[in-house]
Each structure stands twice: as C-alpha cells, then as structure tokens.
Amino acid sequence: MKTKLVVVGAAGRMGKRILALATESGQFNIVAAVERPDHPDIGKDAGLAAAAGPSNIKLTGDYPDAAADVAIDFSQPEAAVATIDYCLQKKIALVLGTTGLSDQQREKIKTASRKIPVLYATNMSVGMNVLFNLAGKVASMLGEEYDIEIIEQHHRFKKDAPSGSALTLAENICKATGRDFPGSITYGRSGKEALRQQGAIGIHAVRAGDITGIHSVIFGTLGETVTISHTAHTRDTFARGALRAAKWLVGKKPALYSMTDVLGIL
Ligand code: NAD
C-alpha cells in the first residue's frame, strides 16, 4: 500500500528532492505539496517544479483536507510549528527535519509526540547518525585532556547557524562526558581575551558556495589530534532518510522517535 504523504517546504532545496525521490520510489502517493502562500511557484505543478516530471499535484499555500498518513517538513521554524498543529489536528505522523528551532518550539514537538508519532532529527543521513553516537564515545574514551572543537561547513544559503547537527554532536558529547549543554559551548572566538576555556566545546560555522554539509569533531591534546568527520555529497542522502523514516513511522504509537530508532543502528 502506498503511503499518503504531505510535503511541507515543497519548493525548497530539500522539499524538491523529497518530492522527486518519493515519486521515483513508487511507494508514496503525494497528497499535497505545501509552500508558503506567497511563494512565486504556488499553483504550478509540484512535480515539474521539482524536476521530477509532471504530476497532478499543484504547489499550494494550504495544508490539505484530504486524508494523509504522514507529513514531512523541511521548511523553517514558524512553518514547522504550523505543520505540527496540522498533524495534531489530522492525527497523522510527522517527520520533522527543520532546524534552528527555539527551545519553545522543541518543547512543542515533545508535547505533540504524546498524541502522534513524531520523528525529529537534525540530520537524516545514516553516516551522520553513526557520527552522532561515535562523538560521545570518542570524547569519553579520550577524556578531559583533549580539547573538543566542532567545525561545520554549509552552503551560503543556509539560514541558521550553527547547524542543528553541530548542536546534536555537542549535545551528545555533553551527555557522554557529563558536561552542561548548552552551557559548555563557545560559539567561535574573537578578541584579545579569547583563550580557550578548559572543558569548553568550540563550535565554528563556515558558509561557502554550495557545500552540502561537512561536520568535523576535532579532539586535540599536546602531541596528537583525533578528527572524526562526515561529508554529505548530496541532499538526496537526507531526503532518502526522511522518506525511510516516513514509511517506518506510519502506524507507530505516539512518541518522539529519532533516526537511531528508524535505522536500528545502535
Ligand atoms: P530552503 O530554504 O531551500 O527550503 C525551505 C522551504 O520552506 C522554502 O521553499 C520556503 O519557501 C518554504 N517555506 C517557508 N515558509 C513556509 C510556510 N509557512 N509553509 C510552507 N513552506 C514554507 O531550505 P532547505 O535547504 O530545503 O532546508 C530546509 C530546512 O531543513 C532547514 O531548516 C535546514 O537546516 C533543514 N535541513 C535538515 C536536514 C536534516 O537531515 N534534518 C538536511 C538538510 C536541511
């Protein structure tokens, strides 16, 4: 049976790839392709806009009334909040990939997950989820003599900084090593008194050209450096993860799930 899917942020970089790959897989019925109401492509064929060939779905500014199983949202924080409300109202599953959420918005996800199945992940790729887990383990194995710095690199169009994935890396390291999160984070450094604080986790955001996403965690001490790193070559890595999550999530009981649950990798 095909999964009835609503895509939010449908004309965005991620939304287009989700539409294209969902169509290509033959496993989804696209119920609606939702965009911001003032987007110039509203009313156009969503399939053509996504370079996936013609479809009978038009980009729309409204959440659909028609029945759906799951929504995938890669948009922006305010829109993600509206998507949560839509999913709650329709009692359908939600895969949320939008980053840059405030504490209040993250709290809303938790509250919603008591009523509907929600998967929230700052990164939907298999490799990055392995790195999330590895980062905490490496930090505990190396111990407090190793300074930890996270460098994330993304394309020039990315709005939020640092990336949600850099924050997840830091959060996992904090959990594994008993550091305070986000209290232990230093965001970049500048000035005459910018000496590294013992135990701090530095996060640095690089924005250049069309970099899809590179995350490196550097563990440095006197005499050696260990670096673990992940490079995404294409957004399809995230889009495939989101579609896999959507298939997995439908029919699950209300709870907040992670990619770890979907991938069964840990
Ligand atoms: P993008 O700017 O290309 O796309 C976002 C789309 O959302 C735009 O087309 C925009 O018009 C649309 N939008 C804005 N307001 C809306 C509204 N009210 N209703 C519906 N749509 C609305 O950005 P992108 O590169 O596709 O990334 C989108 C989000 O996904 C970002 O937060 C990004 O950090 C995140 N992201 C997450 C992952 C992951 O694996 N979790 C991977 C890549 C990107």
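Here are legends for a handful of close-up views of this predicted model.

**View 1. The ligand at home in its pocket.** Start with the ligand, which sits in the largest pocket. There are 24 residues around it, and Met 14, Glu 35, Thr 99, Met 124 and Lys 158 come nearest. What kinds of residues make up the shell around the ligand? Nine are nonpolar, ten are polar and five are charged.

**View 2. Backbone atoms that meet the ligand.** Now zoom in on some polar atoms. Met 14, already named as one of the residues that come nearest, has a polar backbone atom 2.8 Å from an oxygen atom of the ligand. Thr 122 brings a backbone N or O atom to 3.1 Å from a nitrogen atom of the ligand. For Asn 123, a polar backbone atom is 3.5 Å from a nitrogen atom of the ligand. How much of the ligand's accessible area does the protein cover? On its own the ligand has 860 Å² of accessible area, and the protein covers 84% of that.

**View 3. A sheet of seven strands.** Trace the strands across this open sheet and you get the order β3-β2-β1-β4-β5-β6-β12, with parallel pairing. At the edges are β3 (59-60) and β12 (255-257), each of which pairs on one side only. As a reminder, strands of a sheet pair through backbone hydrogen bonds, either parallel or antiparallel.

**View 4. Two neighbours in the sheet, β5 and β6.** Here we pick out strand β5 (residues 93-96) and strand β6 (residues 117-120), which run parallel and are joined by three bridges. Look for Leu 96: it stands opposite Tyr 120 in β6.

**View 5. A pair of cis peptide bonds.** Most peptide bonds are trans, but here are two that are cis. One runs from Ala 161 to Pro 162, with omega near -5°. Where does Pro 162 turn up? Pro 162 is in the loop between β7 (147-154) and α6 (164-177). The other runs from Phe 181 to Pro 182, and its omega is near 5°. Follow the chain on from α6 and you'll find Pro 182 in the loop that leads to β8 (185-187).

**View 6. Ala 51 and its positive phi.** Most residues other than glycine have a negative phi. Ala 51 isn't a glycine, yet its phi is positive, near 55°. To spot Ala 51, check the loop between α2 (46-49) and β3. You have met β3 before, as one of the edge strands of the sheet.

Conventions: Residues numbered from 1 in each chain as written. Predicted model: local features only at pLDDT ≥ 70, side-chain atom pairs only at ≥ 80, totals over all residues. Heavy atoms only, no water. Near = heavy atom within 4 Å. Polar contact = N/O pair within 3.5 Å; in protein donor to acceptor, adjacent residues only side chain to side chain. Areas by Shrake-Rupley, 256 points an atom, 1.4 Å probe, with all protein chains shown as cover. 1 Å grid on protein atoms, 1.4 Å probe; cavity = no way out; pocket = protein on both sides within 12 Å on 5 of 7 lines; lining within 4 Å. Sits in = over half its atoms within 2 Å of the grid points. Nonpolar A, V, L, I, M, F, W, Y, C, P; charged D, E, K, R; others polar. Pairing = 2+ DSSP bridges. Helix = DSSP H or I, 4+ residues; strand = E, 2+ residues; numbered from the N terminus.
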